[in-house]
Amino acid sequence: PSENKKIKYLNQFELHTLISTLNLSSEISWDWFILLVAKTGLRFSEALALTPKDFDFVHQSISISKTWNYKGEGGFMPTKNKSSVRKVQIDWQMVIQFSELIKGLSEEEPIFVKGKVYNSTVNDILSRYCKRANVPVISIHGLRHTHASILLFAGVSIASVARRLGHSSMNTT
């Protein structure tokens, strides 16, 4: 069984290589979604639920207060637990990119959801990019692991990483 165990995260170099292959055009796309998850460590359902109103560009942060019901009929749902309600800091580059990207979109509508969303759709797109970038193939959830491990490797405290990921306990992290 251990031979085919999937690698759950990328190292910093692999992530950088992956990101450089994304097609970040002026249109909202799954490429932007992949970048967002890579740079924030959000859960799939949290990132899907993001609306323009959740972005606070002045304070360089994203407010996580809900999830998207992608397994059911769609629509907003509560977060996984109360620790999941949080603000996640973003870098100035993302502030510039996303402020431009979401300009003129409806404040209350999810940015990335157009109709039914399948986890597999986004994982397939990510998988293609991984292959193209010649890095291990990971899932969207693997980007969350990647984000956490890069922060920990950079010396960020487990407590801070746990808060950023919305974990209720450091043990989870």
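This briefing covers charge pairs, buried residues, unusual backbone angles and a surface patch.

The model is predicted. A search of the whole structure finds six salt bridges. One acidic residue, D31, is buried without such a partner. L152, I158 and M170 make a nonpolar surface patch.

**Salt bridges across the chain**

- E108 pairs with K53 in a salt bridge, with the closest N and O atoms 3.0 Å apart.
- E108 sits in the loop between helix 4 (92-101) and helix 5 (119-133), and K53 in the loop between helix 3 (44-48) and strand 1 (55-56), so this pair ties together parts that are 55 residues apart in sequence.
- E108 is partly exposed, at 47% relative accessible area.
- K53 is partly exposed too, at 48%.
- K66 forms a salt bridge with D54, and here the closest N and O atoms are 2.5 Å apart.
- K66 lies in the loop between strand 2 (61-64) and strand 3 (67-68), while D54 lies in the loop between helix 3 and strand 1, so the pair links parts that are twelve residues apart in sequence.
- K66 counts as buried because its relative accessibility is 16%, under the 20% cut-off.
- D54 is buried as well, with a relative accessibility of 7%.

**Other charge pairs**

- K103 and E100 meet through their side chains in a salt bridge of 3.0 Å, N to O.
- K103 is exposed, with a relative accessible area of 58%.
- R43, E46 and R86 form one network, joined by salt bridges that share partners.

**D31: a buried charge without a salt bridge**

- D31 belongs to helix 2 (residues 30-40).
- Which side chain of opposite charge is nearest to D31? R132 is, at 6.5 Å, and D31 has no salt bridge.
- That spacing leaves the pair outside the salt-bridge definition, because a side-chain nitrogen of Lys or Arg must be within 4 Å of a carboxyl oxygen of Asp or Glu.
- D31 does make a polar contact with the side chain of Y129, at 2.2 Å.
- Beyond neighbours within four places in sequence, D31 is in contact with L22, N23, L24 and Y129.

**S84: a buried loop residue**

- S84 is located in the loop between strand 4 (76-77) and strand 5 (86-89).
- Is S84 buried or exposed? S84 is buried, with a relative accessible area of 0%.
- A polar atom of the S84 side chain lies 3.4 Å from the backbone oxygen of G166.
- Residues up to four places away in sequence aside, S84 touches R43, E46, I64, T79 and G166.
- Two of these contacts, R43 and E46, also belong to the salt-bridge network with R86.

**L165: a buried helix residue**

- L165 is part of helix 7 (residues 158-165).
- L165 is buried, at 4% relative accessible area.
- Setting aside neighbours within four places in sequence, L165 contacts G41, R43, R86, R144, A148 and T173.
- R43 and R86, among those contacts, are members of the salt-bridge network that includes E46.
- The C-alpha atoms of L165 and L48 are separated by 15 Å, and the two residues are 117 residues apart along the chain.

**Positive phi outside glycine**

- Q60 is not a glycine, yet its phi is positive, at about 50°.
- Q60 lies in the loop between strand 1 and strand 2.
- Q60 counts as partly exposed, with 30% relative accessibility.
- N134 also has a positive phi, near 60°, and is a residue other than glycine.
- N134 sits in the loop between helix 5 and helix 6.
- N134 counts as exposed, at 70% relative accessibility.

**Nonpolar surface patch**

- Which residues make the nonpolar surface patch? They are L152, I158 and M170, and the patch covers about 260 Å².
- L152 lies in helix 6 (residues 140-153).
- L152 is partly exposed, with a relative accessible area of 32%.
- L152 can join a patch because its accessible area of 32% passes the requirement of over 30%.

Technical notes:
Residues numbered from 1 in each chain as written. Predicted model: local features only at pLDDT ≥ 70, side-chain atom pairs only at ≥ 80, totals over all residues. Heavy atoms only, no water. Patch = residues over 30% accessible without salt bridge, like charges linked within 9 Å, V, L, I, M, F, W, Y side chains within 5 Å. Areas by Shrake-Rupley, 256 points an atom, 1.4 Å probe, with all protein chains shown as cover. Helix = DSSP H or I, 4+ residues; strand = E, 2+ residues; numbered from the N terminus. Buried < 20%, exposed > 50% of the residue type's maximum accessible area, 1.4 Å probe, protein only. Lys, Arg positive; Asp, Glu negative; His and termini not counted. Polar contact = N/O pair within 3.5 Å; in protein donor to acceptor, adjacent residues only side chain to side chain. Contact = heavy atoms within 4.5 Å.
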